[in-house]
Protein chains: 2
Amino acid sequence: MVAKVFVSAQEVADRAGVSRSAVSRTFTPGASVSPETRARVMEAADALGYHVNHLARGLMRNESGIICLIASDVATPYRSALLRELTLQLQQGGKVAMLINTDRSDGSVDRALRQAIRYRADASIILSGLPDKSIAQLCLRSGQRLVLINRDDDQPGPLRINLDDHEAAGRVATAFVRAGCRRLAFANSEAGTPSLMAREEGFVAAATALGLAVTVERFGWTGYEAGKVLAQRLLTRRERPDAVFCATDLLACGFMDAARQQFSLTIPDQLCIAGFDDIEQASWSSYNLTTFSQPIREIASRAVEWLGAPIPEDHSPRRDSLRLKADLVWRGSIRGG
Amino acid sequence: MVAKVFVSAQEVADRAGVSRSAVSRTFTPGASVSPETRARVMEAADALGYHVNHLARGLMRNESGIICLIASDVATPYRSALLRELTLQLQQGGKVAMLINTDRSDGSVDRALRQAIRYRADASIILSGLPDKSIAQLCLRSGQRLVLINRDDDQPGPLRINLDDHEAAGRVATAFVRAGCRRLAFANSEAGTPSLMAREEGFVAAATALGLAVTVERFGWTGYEAGKVLAQRLLTRRERPDAVFCATDLLACGFMDAARQQFSLTIPDQLCIAGFDDIEQASWSSYNLTTFSQPIREIASRAVEWLGAPIPEDHSPRRDSLRLKADLVWRGSIRGG
DNA sequence: TTGTAGGCGTTATCAG
DNA sequence: CTGATAACGCCTACAA
């Protein structure tokens with residue numbers, strides 16, 4: 001007993017005294033089998049421990065049931081929450097998720113996509129980075145669907161799901177001003193992804209419209225530690241900001257900790273803070289952060305729904321670009337909520 | 001253009017003017033192909049966008065390259081960190097991870113395992129729950145390897161990776177006593193998993209040996225909110241504890257927040273706290289939590305390494321149970337670190 | 001080194 | 001409703 005021996009449909013057929021086809025039909029939803037045959041097959045299958053080989057089925061049907069999830073920083077609160085929701089809904093839709101980690105290096109996403117092709121994934125959902133045009137085209141040409149979440153790319157074919165980052169950021173500016181803040185700042189990472197930049201630009205634009213300047217600082221990667229450094233930089237300025245919009249909740253957490261512990265500032269009395277993502281920690285009472293909630297549920301359901309829908313024959317005018325709304329979650333880090 | 005049309009080896013062969021076998025060999029490491037042929041094949045493959053079909057390859061080789069990761073609560077800091085490491089190391093080993101979410105309902109793990117069988121996964125790594133004996137046996141019989149992480153189960157066959165929860169918990173008791181604490185408490189969830197219970201028992205046993213009693217409280221699931229409730233319960237006791245070991249960092253975070261904000265206690269002066277897992281938030285300066293680090297890297301590498309090793313022919317005396325050490329990470333939540 | 005033939009487990013097709 | 005047969009795309013002898 002060394003080799004891998006899964007039981008095949010033939011063995012089930014032999015035991016049940018029917019043909020392979022009968023077995024196949026028994027496990028194909030909506031096929032015509034007599035209740036009697038089905039019962040005998042099921043009994044034999046159970047006894048033998050038979051399970052349909054999805055590798056072979058995928059080969060025949062040209063549909064593997066595999067969906068590739070391509071992402072970096074999968075252990076991050078926001079990412080992991082999104083992945084959780086995606087895998088969950090994919091499962092409920094009868095699909096199975098293949099998770100591929102990318103890093104921020106060049107070609108990382110392309111390699112992942114190639115892996116997706118090798119396993120004949122029905123679709124790939126990209127949460128980080130951006131694939132090269134040629135490889136993306138290859139996916140599309142091969143009949144693989146593509147979903148891009150929060151990545152701005154305008155080549156046709158993939159479904160693009162984005163948030164209204166720009167507008168959302170504008171609403172924060174208004175909230176700050178209403179709270180009596182005048183010295184606005186934006187804390188960003190150096191990642192420079194479209195959604196991050198859209199938040200920055202939206203915030204600056206809205207503030208400008210309100211007649212206020214914004215101090216912008218960018219540092220490192222989008223994490224807790226970077227938030228601390230950003231606080232260091234922004235709070236030591238001569239004109240110390242009285243309101244800071246952090247591009248990300250993780251940045252905000254680091255920023256708040258530094259502001260309180262190194263600068264002895266009280267929030268929101270001396271300093272108002274807002275974040276983005278509504279990660280779980282934002283609701284922890286140490287932070288109690290006012291932030292924007294990513295509509296994770298909806299992002300996932302829209303993606304899964306789109307994947308399940310039939311491919312339009314004639315490049316129909318279906319909207320393949322979704323713009324979802326991020327709701328402001330009022331907590332205690334801005335005065336007068 | 002509706003159907004899914006991936007390019008096949010035959011097409012590459014036609015274009016390169018060679019046989020299918022030549023193409024196959026070109027993509028099989030260690031096969032004998034002349035550099036000339038290989039070059040022509042590669043050129044054709046690149047031009048056509050050919051990628052080996054791993055579904056078909058798996059069918060032939062009886063080895064899909066797929067490893068199933070079975071877990072619940074995948075968005076939790078500890079879980080997501082472990083998943084990250086596993087997927088990463090699996091990728092580096094040329095495998096690909098299939099992620100299956102389970103919930104805490106009965107049969108959830110069994111369903112996941114059946115999915116693993118359907119996709120002919122080479123192995124399944126279980127991070128949550130416990131499979132039914134019969135389905136686990138079926139996996140093993142089918143040649144699928146099984147790895148259980150932090151789940152106590154004694155049926156032979158799977159690789160079991162556990163921590164020295166019991167001993168580790170004992171070390172915390174000593175640390176508390178050394179810090180001058182006398183009124184010890186243990187905050188646990190009601191999940192009752194073996195590792196959680198081992199921590200509880202280890203802590204109580206060590207405290208008893210030191211001549212101290214332990215107040216044990218259990219509530220809810222292993223999360224932040226439960227930690228707050230546990231604080232509520234433990235800190236309102238007449239004999240208020242001066243040291244609390246929380247079964248999990250997440251519990252500890254909730255506990256600390258409640259202790260500080262609702263009971264105005266300072267840590268570690270009035271209350272010492274310890275946790276377990278060393279999640280990222282434990283190092284955030286709001287918590288600065290003394291805790292045990294899960295050797296995530298090693299857990300993953302041991303699992304992957306074991307999966308890569310050949311199956312012993314004769315039920316050889318290979319150790320299929322690993323007991324890894326959790327190191328105490330000293331931070332500021334216990335006096336006198 | 002190369003090509004040919006057969007088979008992996010499944011489903012789709014088509015008689016019966 | 002059932003059973004035989006031909007694919008699906010690939011790999012592994014085997015012979016050239």
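## Chatting through a predicted model with DNA

Me: Hi! Where should we start? Which strand does β8 of chain A pair with, and in what sense?

Reply: Hi! In this predicted model, strand β8 (residues 243-246) of chain A pairs with β9(A) in the parallel sense, over 3 bridges.

Me: Nice. What stands opposite A:Phe245?

Reply: That is A:Ala274, which sits in β9(A).

Me: And what is the strand order in the sheet?

Reply: The order is β7-β6-β8-β9 in chain A. It is an open sheet of 4 strands, and the pairing is parallel.

Me: Which strands stand at the edges?

Reply: Those are β7 (214-218) and β9 (272-274) of chain A. Each has a single partner strand, so one side of each is left without a neighbour in the sheet.

Me: How many degrees does the twist average from one strand to the next?

Reply: It averages 20°.

Me: Which strands does helix α10 of chain A touch?

Reply: Helix α10 (residues 224-235) of chain A packs on the sheet and touches β6 (184-188), β7 and β8 of chain A. The direction of this helix makes about 140° with that of β7(A).

Me: Okay, new topic: the two chains. What turn lays chain A on chain B?

Reply: A turn of 180° does, with a shift of 0.0 Å along the axis, and the RMSD is then 0.1 Å. That is the relation of a two-fold axis.

Me: Which C-alpha in chain A is nearest the axis?

Reply: The one of A:Met98, which is 2.1 Å from the axis.

Me: Why do you say the copies meet through the same surface?

Reply: Because 100% of the interface residues of chain A are also interface residues in chain B.

Me: Now the DNA! Which residues come nearest to strand D?

Reply: Of the 22 residues around DNA strand D, the nearest are A:Ser32, A:Ser34, A:Thr37, B:Ala9 and B:Arg57.

Me: What about phosphate oxygens, how far is one from the side chain of A:Ser34?

Reply: A phosphate oxygen of DNA strand D lies 2.7 Å from an N or O atom in the A:Ser34 side chain. For the side chain of A:Ser19, the distance from a phosphate oxygen to an N or O atom is 3.3 Å. With B:Ala9, a polar backbone atom is 2.6 Å from a phosphate oxygen.

Me: Which elements give two or more residues to that surface?

Reply: From chain A, α2 (20-26) and α4 (54-61), together with α4 (54-61) of chain B.

Me: And by class, what residues does the surface have?

Reply: Near DNA strand D there are 10 nonpolar, 8 polar and 4 charged residues.

Terms used. Residues numbered from 1 in each chain as written. Chains lettered and ligands numbered in written order. Predicted model: local features only at pLDDT ≥ 70, side-chain atom pairs only at ≥ 80, totals over all residues. Heavy atoms only, no water. Least-squares fit on C-alpha atoms with pLDDT ≥ 70 in both. Contact = heavy atoms within 4.5 Å. Near = heavy atom within 4 Å. Polar contact = N/O pair within 3.5 Å; in protein donor to acceptor, adjacent residues only side chain to side chain. Nonpolar A, V, L, I, M, F, W, Y, C, P; charged D, E, K, R; others polar. Pairing = 2+ DSSP bridges. Axes fitted to C-alpha atoms, helices over the stretch in contact; angles between N-to-C directions.
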